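The following exercises are to be worked through with the model in view. Each task is followed by a solution that goes step by step.

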Amino acid sequence: MPTPAGQKRNANHLTTPTVDTKKPKNGSITSFFGAPKAKSVDSKSSFTVSSNFDKQKWVALLTPEQRELLHLEIDTLHESWLAQLKEELVTPEFLALKRFLQKEKQSGAKIFPPENEIYSWSQHTPLDKVKVVIVGQDPYHNHNQAHGLAFSVRPPTPAPPSLANIYTGIKNDYPSFERPPNKGGLLTPWAERGVLLLNTCLTVRAHDAASHSNKGWERFTQKAIDVVARVRSRGVVFLAWGTPAGKRVASINRQKHYVLQSVHPSPLSASRGFFTNGHFRKCNEWLAERYGPDEVIDWSLTSKTKTSSPFATIQGHSAPVDNLREKQSESQNSEAADIAIKSSKPQTTDEFDDDADALEALAAWESK
C-alpha cells in the first residue's frame with residue numbers, strides 16, 4: 001500500500017513474502033528468534049563462517065603437478081572459499097579444466113578476465129560475508145570489460161545493456177537510486193557489501209563468446225553455489241535471471257533461503273517482466289525480516305544516496321510515492337518500447353551485444 005506523503009518509513013517496517021517458520025503475532029522473526037549468533041570474534045556480522053583450514057598443510061599434500069596446475073587457486077582464491085572447495089580442485093574434472101586453460105595460454109590465445117582477476121569474486125566477497133548471490137553466465141569477451149564479477153565492467157567502459165536494465169530495475173524499486181556517472185558499470189561496491197557476483201563460466205577466449213563453456217567451469221561454480229547454500233545456513237537471497245541461471249538454483253532449499261527468479265535483463269528479454277520483478281526490494285525485505293535492517297543491501301553506486309529502503313524518495317522531491325511510481329511506470333513503458341524496437345532485428349554492433357551473458361535469450365529470439 002502506498003505511503004501517504006510526509007509519512008516516513010524505514011527498513012523496520014519491511015515484511016517478507018515467504019518465510020520458513022511461523023511468524024509470531026506481535027514482532028518480527030528476528031525479535032522472536034533473536035539475532036543469529038556469530039561463530040567468530042566478529043560480533044557485528046550475522047554471516048560469519050568459522051574455519052580450521054590449514055592452507056599450507058593442504059598445499060604440502062598436493063603433487064608437484066597439482067601445485068603447478070592450481071597455482072592460481074592457491075594464490076588468488078580467497079581462503080574462505082578455498083577451504084570449502086579444496087576437494088573439488090583436485091578432482092579429475094577440474095584438473096582437466098586447468099590443463100585446457102594451460103594449453104590455451106601456451107597457444108597465445110588472449111583470455112578474459114585477466115588471470116589474476118578470475119577469482120576476484122571470492123576476494124571481494126569472502127564466503128562469510130555472502131548475503132546475496134547474483135548468478136551470471138559468461139564473462140564479457142572484449143578488452144577492458146570482464147574483471148571477475150558478473151555483469152560488472154571496469155571504467156571507462158560503459159555499462160553494457162543488461163547492466164543498464166538492472167539499473168532500471170533498481171530505480172523502479174528505489175526512486176532515489178542514481179546511475180553511476182559516465183555510464184559506469186563497476187559493481188565492486190555491491191560485492192564488498194555481500195553480493196556475490198558469480199558467473200557460471202569464469203573465463204572466455206577474447207572476442208569468442210562462450211568459448212570456454214562446457215570445459216569444467218560450470219561444475220566448479222555449481223559447487224560454489226552449493227557451498228553457499230550449505231554453509232550460510234541462516235539463509236541468503238539467490239537472484240537467478242534467465243533459464244540457465246534458474247537451473248543453477250534449482251536444488252536450493254526454499255525453506256532456508258530466498259530464491260527470486262525472472263527473465264534475464266538482456267534487451268532481448270527484459271521487457272517481459274524484468275523491470276517490474278521487484279527483486280531488489282524483495283531481497284532487502286527478506287534480509288531485513290530475517291536479520292534486521294542493518295543487514296540489507298545498499299544498492300547505490302554513488303556516494304550521494306543510500307538505496308536500502310524501498311520507501312525512499314528522490315532527493316529534494318516532495319511528491320508522494322504514488323506520483324513517483326506513476327512517473328516510473330511511464331518511463332519504464334517508454335524504455336520498454338525502445339527496447340522492443342531495438343530488438344526487432346539482429347544487432348550488428350559488436351560492442352556489448354549481450355551474446356556473452358544472454359545466449360539463452362538470443363537463441364530464443366533466433367528460433368522465432
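**Exercise 1: The second largest pocket**

The second largest pocket has a volume of about 370 Å³. A pocket is found on a 1 Å grid over the protein atoms alone, as an open set of points with protein on both sides within 12 Å along at least five of seven lines; a cavity is a set where a 1.4 Å probe fits but cannot get out, and lining residues have an atom within 4 Å of a point. Grid points are joined across faces, edges and corners, and a volume is the space filled by probe spheres set on the points. This is a predicted model, in which local features need pLDDT of at least 70 and side-chain atom pairs pLDDT 80 or more, while totals for chains, interfaces and linings use all residues. Residues are numbered from 1 along each chain as its sequence is written, and side-chain values use heavy atoms, with hydrogens and water left out.

Task: Describe the lining of the second largest pocket.

Step 1. The lining has 17 residues, and Leu72, Leu101, Gln102, Lys105 and Glu115 lie nearest the centre of the pocket.

Step 2. At least two lining residues come from each of helix 3 (64-69), helix 4 (71-76) and helix 6 (92-106). Helix 6 gives the largest share, 4 residues. Helices (H or I, at least four residues) and strands (E, at least two) are DSSP runs, numbered from the N terminus.

Step 3. Sorted by class, the lining holds 9 nonpolar, 3 polar and 5 charged residues. Here Ala, Val, Leu, Ile, Met, Phe, Trp, Tyr, Cys and Pro count as nonpolar, Asp, Glu, Lys and Arg as charged, and the others, Gly among them, as polar.

**Exercise 2: The largest cavity and a cis bond**

Task: State which residues lie closest to the centre of the largest cavity, and examine the bond before proline 113.

Step 1. The search of the whole structure gives 4 cavities of 30 Å³ or more. The largest cavity has a volume of about 70 Å³. Among its 13 lining residues, Pro113, Pro139, Gly148, Leu149 and Asn199 are the closest to the centre.

Step 2. The lining of the largest cavity comprises 9 nonpolar and 4 polar residues, with no charged ones.

Step 3. Proline 113 is joined to phenylalanine 112 by a cis peptide bond, with omega about -5°. Proline 113 sits in the loop between strand 1 (111-112) and helix 7 (120-124).

Step 4. Another cis peptide bond joins proline 155 and proline 156, with omega about 10°. Proline 156 belongs to the loop between strand 2 (132-136) and helix 8 (161-173).

**Exercise 3: Helix 5 and a loop**

Task: Explain why helix 5 (residues 79-89) is described as largely enclosed, then decide whether asparagine 182 and lysine 183 are buried or exposed.

Step 1. Buried means under 20% relative accessible area, exposed over 50%, and partly exposed in between (1.4 Å probe, protein chains only).

Step 2. Helix 5 is largely enclosed by the rest of the structure because 8 of its 11 residues are buried. These are Ser80, Trp81, Leu82, Ala83, Leu85, Lys86, Glu88 and Leu89.

Step 3. The elements covering these buried residues include helix 2 (55-60), helix 4, helix 6 and helix 10 (217-231).

Step 4. Asparagine 182 lies in the loop between helix 8 and helix 9 (188-192), and lysine 183 is also found in the loop between helix 8 and helix 9. At 71% relative accessibility asparagine 182 is exposed; lysine 183, at 67%, is exposed too.

Notes: Contact means heavy atoms within 4.5 Å.
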